[in-house]
Amino acid sequence: MTVVVSCYALSRLAEQKSTWWKDAVVYQIFVSSFKDTNGDGYGDLRGVIEKLEYMIDLGINIVWLSPIFDSPMYDMGYDTADYYRINPIFGDMEDFDNLLEQAHQRGLRIILDIALNHTSSEHVWFKRSVKAAKGGDEYFKDFYIWGDPIVDEDRNRRPPSNWESVFEGCMWEWVPEIQKYYLHVFGRAQPDVNWENPNLRNELWKVLRFWLDKGVDGFRLDAINCMSKVRNQDLCAQRPGKPTVSGWPDAPISTPNRFEQKANEMFANGPRIHEYLKEMHQQVFARYDALSLGEMSCGITPELGQDFIARDPNEQQLDLILHFEHVELDCVDGDKWVLRDWELPELKAAVSKWQTCMAEAGGWDTIWIENHDQPRGASRFCKDAERGQLNAAKLLAIWLFTLQGTVIIFQGQELGMTNPEEFSEEMIRDIETRIYWDVAHADLALGGGDHKLEMAKKAITSKGRDASRIPIPWNSNHETSGGFTDNSAKPWLPIHPHFATLCAEAQRRNPASVWTFYRDMIRLRRQHPGLIYGTYQLVDEHHPSVFAYTRIHGGNFYLIVLNFGREYVEWEVPQAHGRGWVPIKLTSDYEPLGLEVTKLRLGPYDGVICKRESCKAANGDSESDIV
Ligand code: NOJ
């Protein structure tokens with residue numbers, strides 16, 4: 001009997017697990033910039049509590065908190081010094097417990113952002129690992145990835161491999177006191193932990209369980225496909241490279257005349273990655289009704305992505321993955337600072353490929369365009385929006401809420417916030433941007449020319465991570481930096497130049513605002529399960545400015561038509577898609593609702609959702625022929 005009950009309970013758990021995050025809307029909070037209640041210029045957990053009702057009004061279900069663990073903030077908390085302690089800038093454990101309780105009382109779930117690929121070099125594990133190399137506690141010796149130098153006949157020393165770190169420079173850092181290098185995929189102060197060590201993995205499982213036992217609803221797992229690194233013996237056709245005597249292979253030369261080389265294939269999706277993530281699932285997530293949202297900003301493709309979200313219980317690893325192809329279309333060879341113009345069909349192809357591949361694998365996509373690493377969507381997907389950013393922001397809302405997957409919005413996106421588009425050294429607080437700027441300066445000193453520095457300023461203004469990290473404007477009060485801080489404290493980053501018009505207070509009163517549009521879109525999506533679960537199919541894939549697609553669910557058919565262009569466009573509903581389309585939501589309200597649509601005239605950045613229930617084919621075809 002007991003067995004029957006527990007099987008039932010387990011299957012209920014599995015059932016709930018597979019559904020609650022699917023139709024949810026996730027709201028990402030970058031705590032430092034959300035709401036400051038103690039006047040130190042940084043947002044805090046009490047500020048999040050203060051705004052819980054705001055999120056409820058908007059229709060949010062899950063709150064994703066950017067890292068709140070103790071950290072020296074070299075990389076804004078993605079450098080953890082203690083996984084069991086709240087960063088004092090944000091408050092303490094009592095504040096966190098209050099937040100969790102009050103969120104749960106309102107039906108809001110909380111997920112925590114956690115970096116398990118690396119810690120801060122201030123973490124006690126790292127300090128002990130260094131000590132262990134000098135004869136200290138053996139247990140910590142292999143908690144990090146240590147490598148010996150390669151020494152040539154002239155006794156010149158070089159790092160164990162030529163891998164380039166994601167932020168800049170060599171991925172290996174020399175520690176003179178122990179005559180070894182440690183590996184860091186990201187910044188120098190973020191040493192990678194060694195997942196090959198089962199003791200290290202157990203410590204990480206303990207960390208995750210500690211927070212889940214407290215009641216958190218899941219994690220956003222930072223850089224989760226970077227845990228398994230390639231050794232000499234792992235080289236193969238998909239992971240080409242050259243073995244070295246250190247045991248770590250050199251990556252192929254992609255940039256001649258330089259030691260460090262791009263090395264995605266060496267540290268992302270490595271040979272043991274699925275084994276590790278399956279273990280994490282079995283040891284942690286399988287025991288809780290918790291969401292695992294894996295971030296994969298390096299080296300992920302739809303085909304590789306399928307393997308991470310397999311639903312087969314023996315293969316299960318992650319619930320959702322965050323992938324980046326659609327936000328990297330403007331990069332040359334994956335370099336975020338070297339910008340290129342892209343065409344709409346490229347975006348349509350990228351989005352459609354992910355929509356289809358995730359569905360084919362029985363998985364579920366994530367739908368997002370902004371976060372703390374990515375600039376504001378309205379500034380990059382709808383450039384030079386002549387009819388104002390207002391329409392562009394609404395167009396993007398229609399797009400996001402009508403694709404298949406869990407929708408994730410970043411704080412301030414619901415206000416239609418744009419990049420500040422202003423360059424100042426004061427704006428550079430992010431370590432990645434700081435490194436890039438320092439390198440641009442160094443190049444200037446070497447005779448790089450002023451124009452190079454101007455290009456760097458332009459790249460920082462449009463791609464720098466601080467652009468979306470600036471404080472949220474709650475009201476139009478100058479003294480309190482738009483209500484971000486309760487005192488006249490200086491916010492850690494300057495507030496948006498147009499904060500008074502963008503602020504939440506003004507927008508919530510205005511039925512035509514972006515905020516109201518977001519709230520209505522969230523409601524509309526909930527009223528139409530077809531917009532959540534319907535099958536996605538791209539229409540008119542080559543059109544240069546219209547992004548159109550259908551969603552089909554049961555007897556309900558939806559057609560979404562979005563004009564991503566700056567010109568008016570006439571678009572005829574292809575005959576194959578039948579007749580009887582009625583608009584149910586438009587970006588602008590000047591067009592009459594309720595008339596059958598066969599041809600659309602859309603203004604710049606206008607979008608429309610149409611619906612039909614029964615099937616009326618133009619040529620009398622049966623319903624099944626029509627998509
Ligand atoms: C991805 C995070 O989103 C980013 O902010 C961070 O710098 C890197 N991972 C390293 O943790």
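Twelve names make up the ligand's surroundings in this predicted model: Asp75, Tyr78, His118, Phe167, Phe186, Arg220, Asp222, Glu295, His372, Asp373, Arg465 and Arg469. If you sort that shell by class, you will find 7 charged residues, 2 polar ones and 3 nonpolar ones.

Which side chains place an N or O atom 2.9 Å or 3.0 Å from a ligand oxygen? Histidine 118 does so at 2.9 Å, and arginine 465 at 3.0 Å. Histidine 372 joins them, with a polar side-chain atom 2.7 Å from an oxygen atom of the ligand. Here are these contacts together:

| Residue | Ligand atom | Distance |
|---|---|---|
| histidine 372 | oxygen | 2.7 Å |
| histidine 118 | oxygen | 2.9 Å |
| arginine 465 | oxygen | 3.0 Å |

How much of the ligand does the protein bury? On its own the ligand exposes 290 Å², and the protein buries 98% of that area.

Now for a sheet that you can trace in the structure above. Three strands form an open sheet in the order S6-S10-S9, and their pairing is antiparallel. At the edges sit strand S6, covering 146–147, and strand S9, covering 172–175, each of which pairs on one side only. Strand S10 spans residues 180–183 and is joined to S9 by 4 bridges in the antiparallel sense. To find your place in this pairing, look for valine 175: its bridge partner in S10 is lysine 180.

Key
Residues numbered from 1 in each chain as written. Predicted model: local features only at pLDDT ≥ 70, side-chain atom pairs only at ≥ 80, totals over all residues. Heavy atoms only, no water. Pairing = 2+ DSSP bridges. Helix = DSSP H or I, 4+ residues; strand = E, 2+ residues; numbered from the N terminus. Near = heavy atom within 4 Å. Polar contact = N/O pair within 3.5 Å; in protein donor to acceptor, adjacent residues only side chain to side chain. Areas by Shrake-Rupley, 256 points an atom, 1.4 Å probe, with all protein chains shown as cover. Nonpolar A, V, L, I, M, F, W, Y, C, P; charged D, E, K, R; others polar.
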